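Biologist: I have a model open on my bench computer and would love a guided look at one part of it. Could you walk me through that part slowly, along with whatever surrounds it?

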Amino acid sequence: MPLRGLCCLRDNADLKRHFVPMALNPYYANIFIDSCAFDPKYEPEASAAEEIFRRHQRQEISLVVAHSNMKEAEHSNTPKHVKRAALSQIFTFETDLVHTERLKKQEIWDVLTRNGKPEKMKQDAEHVFEAHKYGGYFVTTDERILKLRSKLHQVSDAHIVRPSELISLLEEHNAS
């Protein structure tokens, strides 16, 4: 049976081969939420998003809105209930970045843009970078981001998940 949890660095090839890292505990991590995950229009994501907000209201998890998402939430086309939900959360402030942070954000942007239009992905790169910078999960229903999440995780510490996947992780950690 694979071992779970943190592993000491050893030259034991058998230990390394059977080691399966446990997912970042969402009860002790910042959980950033994309504006599209506030109000998904389909199941199981809509129910999962509601459950995420319930757990946040019960103070079980730390839900954070990146400053870049706040800009999206303030857009005139954003539904009023989504604006209210976004404004009621803890959110980050935009700060100047040091050189290494600018490079990391550029790496994330490069993964997201690939051959696409860079300006269209700038906000998404900002969202993922915030989750990387402050250590945690980025909950989204944006398929463009989701299909690149393994590549994004290679260049950042952001754990990108759907709302339903976050609920599964919460339940897994409850059981352990």
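Biologist: Let's take helix 6: how many residues does helix 6 have, and how far does it reach from its first C-alpha to its last?

Modeller: Happy to! Please keep in mind that this is a predicted model. Helix 6 has 12 residues and spans 16 Å from first C-alpha to last, close to the 16 Å expected at 1.5 Å a residue. In sequence it covers residues 122-133.

Let's start with its surroundings. Nine of the 12 residues are buried, so helix 6 is largely enclosed by the rest of the structure. The buried residues are Asp124, Ala125, Glu126, His127, Val128, Phe129, Glu130, Ala131 and His132.

His132 is a good one to zoom in on. Its relative accessibility is 17%, and because buried means under 20%, histidine 132 counts as buried. Leaving aside neighbours within four places in sequence, histidine 132 is in contact with Lys104, Ile108, Ser156, Asp157 and Ala158.

Val128 takes us into the largest nonpolar core, which has 19 residues. The members that touch the most others are Ile108, Leu112, Val128, Phe138, Ile145, Leu152 and Ile160. At least two residues of this core come from each of helix 5 (99-113), helix 6, helix 7 (143-146) and helix 8 (149-155). Leucine 152 shows how these pieces meet: not counting residues up to four places away in sequence, leucine 152 touches Ile108, Val111, Leu112, Val128, Ile145 and Ile160. In soluble globular proteins, nonpolar side chains tend to be buried together. Another core lies apart from this one; it has 18 residues, including Leu63, Val65, Tyr137 and Leu170.

Now look at the start of the helix, where lysine 122 sits 9.8 Å from aspartate 110, C-alpha to C-alpha, with the two 12 residues apart in sequence. Aspartate 110 belongs to helix 5. Its relative accessibility is 42%, so aspartate 110 counts as partly exposed. The side chain of aspartate 110 also makes a polar contact of 2.7 Å with the side chain of glutamine 106.

At the other end, follow the chain out of the helix. Tyrosine 134 lies in the loop between helix 6 and strand 6 (136-139), and just after helix 6, glycine 135 takes a positive phi of about 65°. Tyrosine 134 belongs to the one aromatic pair counted here. Its partner is phenylalanine 32: the ring centres are 6.3 Å apart and the planes are at 25°, so the pair is stacked. Phenylalanine 32 lies in strand 3 (residues 30-33), so the pair ties together parts that are 102 residues apart in sequence. The two rings sit in contrasting settings. Phenylalanine 32 counts as buried because its relative accessibility is 1%, whereas tyrosine 134, at 33%, counts as partly exposed.

The strands connect this region too. Strand 3 and strand 6 run parallel and are joined by four bridges, with asparagine 30 standing opposite glycine 136 in strand 6. Strand 6 also pairs in the parallel sense with strand 7 (residues 159-161), over three bridges. There, phenylalanine 138 stands opposite isoleucine 160 in strand 7, and Phe138 and Ile160 bring us back to the largest nonpolar core, where Val128 of the helix is also a member.

Key
Residues are numbered from 1 along each chain as its sequence is written. This is a predicted model: local features need pLDDT of at least 70, side-chain atom pairs count only at pLDDT 80 or more; totals for chains, interfaces and linings use all residues. Side-chain values use heavy atoms; hydrogens and water are left out. Rings of Phe, Tyr and Trp (its six-membered ring) pair if their centres lie within 6.5 Å; planes under 30 degrees apart count as stacked, over 60 as edge-to-face and the rest as tilted. Buried means under 20% relative accessible area, exposed over 50%, partly exposed in between (1.4 Å probe, protein chains only). The expected span of a helix is 1.5 Å times one less than its number of residues. Two strands pair if DSSP finds at least two bridges between them. A nonpolar core is a set of buried Ala, Val, Leu, Ile, Met, Phe, Trp, Tyr and Cys residues joined through side-chain atoms within 4.5 Å. Contact means heavy atoms within 4.5 Å. A polar contact is a pair of N or O atoms within 3.5 Å; within protein, one must be able to donate a hydrogen and the other to accept it, and residues adjacent in sequence count only if both atoms are side-chain atoms.
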